[in-house]
Each structure stands twice: as structure tokens, then as C-alpha cells.
Amino acid sequence: MLDHMLPIVDDSWREKFERVRQDGFSRLQGLWVLREIVFPIVMKLLTALCVPYVLARGVFPMLGYPLVVNSAVYRFAWIGCLSVSLFCFCAKRCHVWFRNLHNSIRDDRYLIGRRLHNFGEAALANQNQRQSSEDVGDGVLIGREGDVDNGLRLRRAIQQEA
């Protein structure tokens with residue numbers, strides 16, 4: 001049931017409803033249900049109804065606006081509060097989304113939580129191949145200048161990947 005209401009419900013509600021399902025209706029604790037499930041829902045509904053009403057009928061008439069302005073405020077108070085609530089909800093979701101995006105980019109860049117595999121094995125294989133070709137040669141050692149160039153090339157390739 002909570003999968004369809006994902007934007008509205010967070011993980012705490014999932015835990016509460018799973019506890020209700022595990023306990024069953026026969027072993028349900030009434031005080032816990034009132035405190036953890038019923039009161040938050042009722043408080044959000046009362047806030048959604050009372051705040052626009054108090055603003056439209058209490059605050060704006062005391063500010064001395066004419067009757068036309070007070071009537072327009074009363075008419076659009078609920079739509080305005082709903083719009084502000086929706087904007088705050090979307091801003092919170094976007095903030096979480098951007099934070100997760102930033103963390104994933106950072107983790108990919110610095111390879112946090114990952115283990116490097118096959119790092120340096122190509123250079124080791126090339127070195128072993130050169131050593132075997134030197135051993136097979138006519139007894140003359142070939143200089144190691146190529147190994148230095150290979151290390152620089154490998155280092156540059158790793159830097160370009162990162």
C-alpha cells in the first residue's frame with residue numbers, strides 16, 4: 001500500500017504500518033496507535049485547515065485592508081497554503097536529489113567504497129615480458145629506459161581516466 005504513496009510517506013510510516021501488521025488488530029496497543037498514527041494525521045489535517053482560515057479571517061482584517069482584499073484573501077488562502085506546502089515539498093525533494101547526485105559523483109570520482117582491480121597488472125605483464133625477452137637474448141642486457149617511459153605512460157593514462 002505504501003509503494004503507491006511514496007512521495008507522501010517516508011520510512012517511519014512504513015515501519016509503523018509494518019508493526020501494526022505484525023501485531024495484528026487483536027494485540028494492537030491503542031495508546032501507541034493514537035500517538036504514532038492518528039495524532040500526526042489529525043494534526044496535519046487541522047493545520048492544513050486552520051492556518052489558511054486564521055490568516056484569512058484573523059490576520060488580514062486586522063491589517064486594515066478593504067473588504068474586497070479580505071474576500072480575495074479568504075477565497076485563495078487554501079490554494080496559497082497548498083501551493084506553499086507543495087513548493088516546500090518539492091524544494092526538499094530537489095535538495096535530497098541534488099545531495100545524492102553530488103555524493104554519487106564524488107564517490108565515482110574518488111572511488112569511495114570500491115576496490116581497484118587489475119591495477120598495474122598490465123605494467124607488470126609488460127615488465128615480465130621484457131625480462132623474459134632479455135633472458136632469451138644473446139646475453140646482452142637491454143637498457144631500462146623503456147620501463148621509465150612505460151611508467152609515465154601508465155601514470156598519464158590513469159590520470160586521464162580520473
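This passage describes the nonpolar core, the salt bridges and a charged surface patch of a predicted model.

The largest nonpolar core comprises 5 residues, namely Trp13, Val20, Trp32, Val33 and Ile37. Two elements, helix 1 and helix 2 (residues 30-62), each give two or more residues to this core, and helix 2 gives the most, with 3 residues. In soluble globular proteins, nonpolar side chains tend to be buried together.

Helix 1 and helix 2 are also linked through charged side chains, since Lys16 forms a salt bridge with Glu36, in which the closest N and O atoms are 3.7 Å apart. This pair joins distant parts of the chain, with Lys16 in helix 1 and Glu36 in helix 2, 20 residues apart. The two partners fall into separate accessibility classes: Lys16 has a relative accessible area of 14% and is therefore buried, the limit for that class being under 20%, whereas Glu36, at 24% relative accessibility, counts as partly exposed.

Glu36 takes part in a further salt bridge, in which its side chain meets that of Arg35 with an N to O distance of 3.6 Å. Arg35 has a relative accessibility of 46% and therefore counts as partly exposed, because only values over 50% are classed as exposed. Through these contacts, Lys16, Arg35 and Glu36 are linked in a network of salt bridges.

The structure holds 4 salt bridges, and one of them lies between the side chains of Asp107 and Arg106, with an N to O distance of 3.2 Å. Asp107 is partly exposed, with a relative accessible area of 23%, and Arg106 is likewise partly exposed, with a relative accessible area of 35%.

Apart from the salt bridges, a negative surface patch is formed by Asp10, Asp11, Glu15 and Glu18. Of these residues, Glu18 lies in helix 1, which spans residues 11-23. The relative accessibility of Glu18 is 38%, so this residue counts as partly exposed, and the value is compatible with membership of the patch because patches are made of residues with over 30% relative accessible area and no salt bridge. Helix 1 thus holds Glu18 of the negative patch as well as Lys16 of the bridge to Glu36, and this helix is also among the elements that give two or more residues to the largest nonpolar core.

How values were computed:
Residues are numbered from 1 along each chain as its sequence is written. This is a predicted model: local features need pLDDT of at least 70, side-chain atom pairs count only at pLDDT 80 or more; totals for chains, interfaces and linings use all residues. Side-chain values use heavy atoms; hydrogens and water are left out. Patches are made of residues with over 30% relative accessible area and no salt bridge: like charges are joined within 9 Å, nonpolar side chains (Val, Leu, Ile, Met, Phe, Trp, Tyr) within 5 Å. Accessible areas come from the Shrake-Rupley method with a 1.4 Å probe; for residues, only the protein chains shown count as cover. Lys and Arg count as positive and Asp and Glu as negative; His and the chain ends are not counted. The place of a charge is taken as NZ of Lys, CZ of Arg, CG of Asp or CD of Glu. Helices (H or I, at least four residues) and strands (E, at least two) are DSSP runs, numbered from the N terminus. Buried means under 20% relative accessible area, exposed over 50%, partly exposed in between (1.4 Å probe, protein chains only). A nonpolar core is a set of buried Ala, Val, Leu, Ile, Met, Phe, Trp, Tyr and Cys residues joined through side-chain atoms within 4.5 Å.
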